[in-house]
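This report goes through a few parts of one protein model. Look at the sequence and the structure first, then read on.

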Amino acid sequence: MTSHQDVHIDRDEADIARAVRLAGRPPALTAQRRAAAFERVHAEWRAATAATGGTAAVPEARWRWRGALAAGLAAGVVAVALLTGRVATQPGVEVALASVVQGVEVTAVGSPSQPLQAGASVRQRDVLKTGQAGGALLRVGPALALRVAPESELRFDAPDRVTLLRGQIYVDSGSDAGPGTPLTVVTQHGEVRHLGTRYLVRAAADHLDVAVRDGRVLLASLAGDLRAEATAGERLQLAAGASAIERGALSADDAAYGWLARIPTPLDIEGKTLGEFVAWYEAETGRRVDLGRNASVEAVRSIRLSGSVAGMTPDEALDTVAAVSDVAVERREQRIRIDIAR
C-alpha cells in the first residue's frame, strides 16, 4: 500500500456567422450567474441530443455550420438567462447523477416508483425517498455533492433548486472561497442558500434546522420576513409560526453529522498521498487530525498509498491505511493524532 483539416466555409456558414454576430454580446454580469446559466443550458443541450439519438451522419461542412448554429442558439439562451437569472428547465432534464445509492426509491412524473441505481440520472421533478437504512450521494453539476439521509424525501425542481419534503440532506458546494454551484433548498418553513460551504438541512413537521460545518449559509422564511446568516459551527432553527430565527452552536464533529459516515464521498486512494487521505478524512468527519513528532507535513506528503477503501466508513478507512502504512493512530475524544514509525 505504501511506496516511497483545411476548413472550408461555405455560404451557409458565412450567413450563420453573420447572424451570430448580429445577436450581439451578452450582458456583462457576475461569473456566478454566468456559470449557473451555462450549467442549465448544458443540461438542456444534453437532453435534446439524447432525444434525437445523439449525433446524426451528415456531410462534414453541414455538421460544422449546424454546430455553429447550435452554439449561436446556446449563446442566445445564455444571454436571456443572464438577463433574467433563470433558464426554463423542461421536465425530464437531467439535474443530478446518483453516485452512491443504498435503498432509494425514485418516482418520475407519471411513473411508478422504482429502485434508484448507482450511475443513474435524476431528472427534473423526480422524487427520491430513502428507507430506514437508505441513503444516497448525488452529484449536482461539476462540483456539488448532495447526500440524502435515511427516512428522507426530496424533489428536484431544477438544476439549482430542490425541495426537501422531510428528513435530512447534507450539501457540499465544493468551494471554500465562494458559492460554487448554486443551490436553493426549499422546505415548508423556509429556504436555504449557500455562500460557499458544507451544511446540513433537516426538515421536520414543525421546524427547519440548518447546521453549518464550513463556510456560510443564508436562511430565509418563505414569506421573506425572517432572514439570518450562519457560519461554521453555528446552527439555525426556524419553527412554524416563529417570530425570529433561533441561533445556537454545533461542532463540526457533532453526532448530528454521524449518518454521513454510512455514505462517505468516494475516494480512490491509489496513488494518493497520506496527506490527501487525511484531508479527505477531516472533511468527512469534521475532526481535526494532529501530526505526531515523526509525521511532519513533508513526511505525510511523501507517503503514497495503494489499494482500496471502497465501501468503508472514514474511520474504517483510516484504520486500514494505518495498518499497512506504518502509521500509528491515537484517538483522544474527538481529536485524532497520527504518527509515522521511524
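In sorting residues by type, Ala, Val, Leu, Ile, Met, Phe, Trp, Tyr, Cys and Pro count as nonpolar, Asp, Glu, Lys and Arg as charged, and the others, Gly among them, as polar. The model described here is predicted.

**A cavity and its lining**

The second largest cavity has a volume of about 30 Å³. Its lining consists of Gln-102, Gly-134, Gly-135, Val-148, Pro-150, Trp-259, Arg-262 and Ile-263. Sorted by type, the lining of this cavity has four nonpolar residues, three polar and one charged.

**Thr-130**

Thr-130 is part of strand S4, which covers residues 127-140. Is Thr-130 buried or exposed? Its relative accessible area is 6%, and buried means under 20%, so Thr-130 is buried. Among the residues in contact with Thr-130, beyond those within four places in sequence, are Gly-135, Val-148 and Pro-150, and these three names also appear in the cavity lining. Other contacts of Thr-130 include Gly-103, Val-104 and Ser-152. The side chain of Thr-130 also reaches two backbone atoms, listed below.

| Side chain | Backbone atom reached | Distance |
|---|---|---|
| Thr-130 | oxygen of Ala-149 | 2.6 Å |
| Thr-130 | nitrogen of Glu-151 | 3.0 Å |

**Glu-153**

Glu-153 sits in strand S6 (residues 153-158). With a relative accessibility of 15%, Glu-153 also counts as buried. Apart from residues up to four places away in sequence, Glu-153 touches Val-127, Leu-128 and Lys-129, as well as Thr-163, Leu-164, Leu-165 and Arg-166.

**Nonpolar cores**

How many residues does the largest nonpolar core have? There are 37, and those with the most contacts inside this core are Leu-138, Leu-146, Phe-156, Ile-169 and Val-185. Val-185 touches Ile-169, and its other partners outside four places in sequence include Val-162, Leu-164, Val-171, Tyr-199 and Val-201. A second core, separate from this one, has 22 residues, including Leu-267, Ala-295, Val-321 and Ala-322.

**Gly-307**

Gly-307 belongs to the loop between helix H5 (297-302) and helix H6 (314-324). Its relative accessible area is 38%, and partly exposed covers the range between 20% and 50%, so Gly-307 is partly exposed. Which residues does Gly-307 contact, leaving aside neighbours within four places in sequence? They are Asp-268, Ile-269 and Glu-270. In sequence, Gly-307 and Glu-270 are 37 residues apart, while their C-alpha atoms are 5.7 Å apart in space.

Methods
Residues numbered from 1 in each chain as written. Predicted model: local features only at pLDDT ≥ 70, side-chain atom pairs only at ≥ 80, totals over all residues. Heavy atoms only, no water. Helix = DSSP H or I, 4+ residues; strand = E, 2+ residues; numbered from the N terminus. Buried < 20%, exposed > 50% of the residue type's maximum accessible area, 1.4 Å probe, protein only. Contact = heavy atoms within 4.5 Å. Core = buried A, V, L, I, M, F, W, Y, C linked by side-chain atoms within 4.5 Å. Polar contact = N/O pair within 3.5 Å; in protein donor to acceptor, adjacent residues only side chain to side chain. 1 Å grid on protein atoms, 1.4 Å probe; cavity = no way out; pocket = protein on both sides within 12 Å on 5 of 7 lines; lining within 4 Å. Points joined across faces, edges and corners; volume = space filled by probe spheres on them.
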